Amino acid sequence: MVATLNTPLATVPPPAPGSLRWPMAPVWMACCVGLGLLVGWAAVVTRAYAAPLLLFPLVVGCVLGGLLALAMRLLNVGHRPTIWGGAVTAGVLAVAAQHYFTFVQMHRQYARQPDRLVKLRLVAPERVPPSHFFPFLLWSAERGLPLGGWRAQGGWVWLAWSIDGLLVLLPTILLPAATAKLPYCDRCNRWYRTVRSGKWTPSLIAEWPDLTETCRADVADAVELSAPLATIQRYRLIACEGGCGPTGLILSGEDVRGRPAAQVLWLDAAGREQVVAVLDRSVQTSSASLSSTDNL
């Protein structure tokens, strides 16, 4: 007799967060430094064409945060403090790089027009940018910063720069931090991926009609809930690349208020075999039903 999902599943706790990997940590930090400088330079180039207030720094931060999230997946960096440290470093460098590359760009423009620079030094020396970076920042703040129809000066410029920097930093940190919440296997040092997914069909409902109640009552320690499920619509199996960690069964649907909700049930090898067997039978049942309908 084949066991159905009405019987208790063999469950385990969810996978622990990734641990520190010294060979990969310097590579990750170097990648963050490079991406921060690259995005800072690209922002300076793009700003010459369009730079909407408030929206532009958010876009810069989203681009950098997206690149960092992609890099941490490709490099398989799972240690969360390492991820956050690299994201903060990249964000700070992207903000500072925008000011530095603006400084370099302005000096290059004057270097291509030496006659203009000589005239400015004679007629309006206050318009000549300093040759060092930090005095250049003070000089830029004193000159002012156009903000719509108003020109900020002095301390207002520093405030505007601070807000701009925060708007870059927020998505830069939040996107990798959100990605870091995904399951990671500390044995094979790989992120979890989807190995199987599909709809929660009537045949699956028949196999395990009291799924949500079973999860809450029997294996509460191995279940992660965003909200209690009233209806189940889809399932997804996730596992690490090496298959050495627990397998996650993600069930998504709606809660009692009709809002999207999900729960994750973590299975050991026996539990995974039990679930896969039921899923396979469900596929066979659905195929048989379709064949019977076609014959009719």
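Visitor: Which residue in strand 7 is the bridge partner of Gly198?
Guide: The partner is Tyr235. This is a predicted model, in which local features need pLDDT of at least 70 and side-chain atom pairs count only at pLDDT 80 or more, while totals for chains, interfaces and linings use all residues. Residues are numbered from 1 along each chain as its sequence is written, and side-chain values use heavy atoms, with hydrogens and water left out.

Visitor: What makes strand 5 and strand 7 a pair?
Guide: Two strands pair if DSSP finds at least two bridges between them. Strand 5 (residues 193–199) and strand 7 (residues 231–239) have six bridges and are antiparallel, so they meet the definition.

Visitor: How many bridges join strand 7 to strand 8, and in which sense do they run?
Guide: Seven bridges join strand 7 to strand 8 (residues 247–254), and the two run antiparallel. Arg236 is opposite Ile250 of strand 8.

Visitor: Which residues of strand 9 stand opposite Thr247 and Leu249?
Guide: Thr247 faces Leu267, and Leu249 faces Leu265. Strand 8 and strand 9 are antiparallel, with eight bridges. Their hairpin has five residues between the strands, and Gly258 there has a positive phi near 80 degrees.

Visitor: Why is strand 9 called largely enclosed?
Guide: Six of the eight residues of strand 9 (residues 260–267) are buried, so the rest of the structure largely encloses it. Buried means under 20% relative accessible area, exposed means over 50%, and partly exposed lies in between (1.4 Å probe, protein chains only). Strand 8 is mostly covered, with six of its eight residues buried.

Visitor: What counts as a helix or a strand, and how many of each does the protein chain have?
Guide: Both are DSSP runs numbered from the N terminus: helices are H or I with at least four residues, strands are E with at least two. The protein chain has nine helices and nine strands. Of its 296 residues, 39% count as buried.

Visitor: How do you know what helix 2 should span?
Guide: The expected span is 1.5 Å times one less than the number of residues. For the 20 residues of helix 2 this gives 28 Å, and the end C-alpha atoms are 29 Å apart, which agrees. The buried residues of helix 2 include Val60, Leu64, Leu68 and Met72. Their cover includes helix 1 (24–47), helix 3, helix 6 (155–180) and strand 4 (190–191).

Visitor: Why is Asn76 called buried or exposed?
Guide: Asn76 has 13% relative accessibility, so it counts as buried. Its place is the loop between helix 2 (55–74) and helix 3 (80–111), and its phi is positive, near 55 degrees. Not counting residues up to four places away in sequence, Asn76 touches Arg21, Tyr184, Asn189, Arg190 and Trp191; contact means heavy atoms within 4.5 Å.

Visitor: Which residues touch the most other members of the largest nonpolar core?
Guide: Of its 22 residues, they are Trp28, Val60, Leu64, Leu68, Met72 and Ile83. Helix 1, helix 2, helix 3 and helix 6 each give two or more residues to this core. Apart from it lies another core of 15 residues, among them Leu204, Leu251, Val278 and Leu279. A nonpolar core is a set of buried Ala, Val, Leu, Ile, Met, Phe, Trp, Tyr and Cys residues joined through side-chain atoms within 4.5 Å. Outside four places in sequence, the contacts of Met72 include Trp28, Ile83, Pro176 and Trp191.

Visitor: How many disulfides does a search of the whole structure find?
Guide: The search finds zero disulfides. For Cys32, the nearest cysteine sulfur is that of Cys31, 5.7 Å away. A disulfide requires a pair of cysteine sulfur atoms within 2.5 Å.

Visitor: Why is there no bond between Cys185 and Cys244?
Guide: The closest cysteine sulfur to that of Cys185 is in Cys244, at 3.4 Å, which is too far for a bond. Cys185 has a relative accessible area of 3% and is therefore buried. Cys32, at 0% relative accessibility, also counts as buried.
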